[in-house]
Amino acid sequence: MDFSSKNISFDKDSYQQEWIEIQDNLKKKVVLEDDFTWKISPQGSCLDQAGNVESLQYIGGVDVSFVKEDPSLACGALVVLNAYTLNVVHEEFEVVRLKVPYVPGFLAFREAPIILGILDKMKQKAHPFYPQLLMVDGNGILHPKGFGLACHLGVLSNIPAIGIGKNLHHVDGLTRSGVMQFLQGGESMAKDVIPLVGKSGQTWGAAVLSTPDSLKPIYISPGHRISIDSSIRVVKLCCKFRVPEPIRQADIRSRIFLQKFKGSENLIICIQPTETYGSVLQPANTLYYISGAFHLSLASKLIYLV
């Protein structure tokens, strides 16, 4: 049963104003300070220095990969790592056929439903490796609307979330050339963290050289329930290479998983927002078809296509 053959159009203009309203409403819920009970401790320690507070143990890396020949076919990945060893302890995937195109500034409306579905399945099962923190291949508040993918996922899942960008969004007067000039200046030779302060005076995040031999920074910004300082601290503990290990593993594993299912007729999902999507701030039910059976999943306000 291949639903992808259905001829369904998508009018982004008709949804864009609705999406803006959703972003504005969700943005009001963002918390940009530490709002968690665990502590951030060096790798190898499960307790804080006092020995009585549990530290961060499970970090979820989030990524969505696409088939180059068919950008509508995507694989969402949530890979959970042990925060002390950086070993993968659990992985979840969802392969979908998207009907929502990429619209600059609205990435979350294309990718967030996939990840929210995975998180909900783990939560419903009370999974022991349900992540305490999300590290997202996308931005947090460092975004033209101040509300990127990491914010969207953090607010809707109510999990602390950090956004990691490989490229800089030019917001509030910030430019990549300006960051690089600062990195290459004499005063910055010993610095590996550059606060991203815009012309307005707001700090949007930080450019970070994540390893001693890094030449290109990554751009860190909080998504929800975590401060900029704590975001930087967690990310630096997770870097073996330029890209933090949770996101690097999610990217690698989602690509491998997607290749296995490429062209498969046993796993086809069609995603299309309904007219009421804008009024729904929490995930809603959808059906998907996998290996000859129907299953109920929580992902977004979607239309099941028959």
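Student: In this model, which residue's side chain meets that of Arg253 in a salt bridge?
Tutor: The model is a predicted one, and in it the closest approach between the two side chains, from N to O, is 2.8 Å. Because a salt bridge requires such a nitrogen and a carboxyl oxygen within 4 Å, the pair qualifies, and the partner of Arg253 is Glu91.

Student: How many residues apart in sequence are the parts that Arg253 and Glu91 tie together?
Tutor: Arg253 belongs to helix H6, which covers residues 245–261, whereas Glu91 belongs to strand S3, which covers residues 88–98. The salt bridge between them therefore links a helix with a strand, and the parts it ties together lie apart in sequence by 162 residues.

Student: Is Glu245, which forms a salt bridge with Arg248, buried or exposed?
Tutor: Glu245 and Arg248 are 3 residues apart in helix H6, so about one helical turn separates them, and their closest N and O atoms are 3.0 Å apart. Arg248 is partly exposed, with a relative accessible area of 25%. For Glu245 the relative accessible area is 2%, and because the cut-off for that class is under 20%, Glu245 is buried.

Student: What is the relative accessibility of Arg255, which meets Asp251 in a salt bridge?
Tutor: The side chains of Asp251 and Arg255 meet at 2.9 Å, N to O, and the two residues are separated by about one turn of helix H6, being 4 residues apart. Asp251 counts as partly exposed at 24% relative accessibility. Arg255 also counts as partly exposed, and its relative accessibility is 44%.

Key:
Residues are numbered from 1 along each chain as its sequence is written. This is a predicted model: local features need pLDDT of at least 70, side-chain atom pairs count only at pLDDT 80 or more; totals for chains, interfaces and linings use all residues. Side-chain values use heavy atoms; hydrogens and water are left out. Buried means under 20% relative accessible area, exposed over 50%, partly exposed in between (1.4 Å probe, protein chains only).
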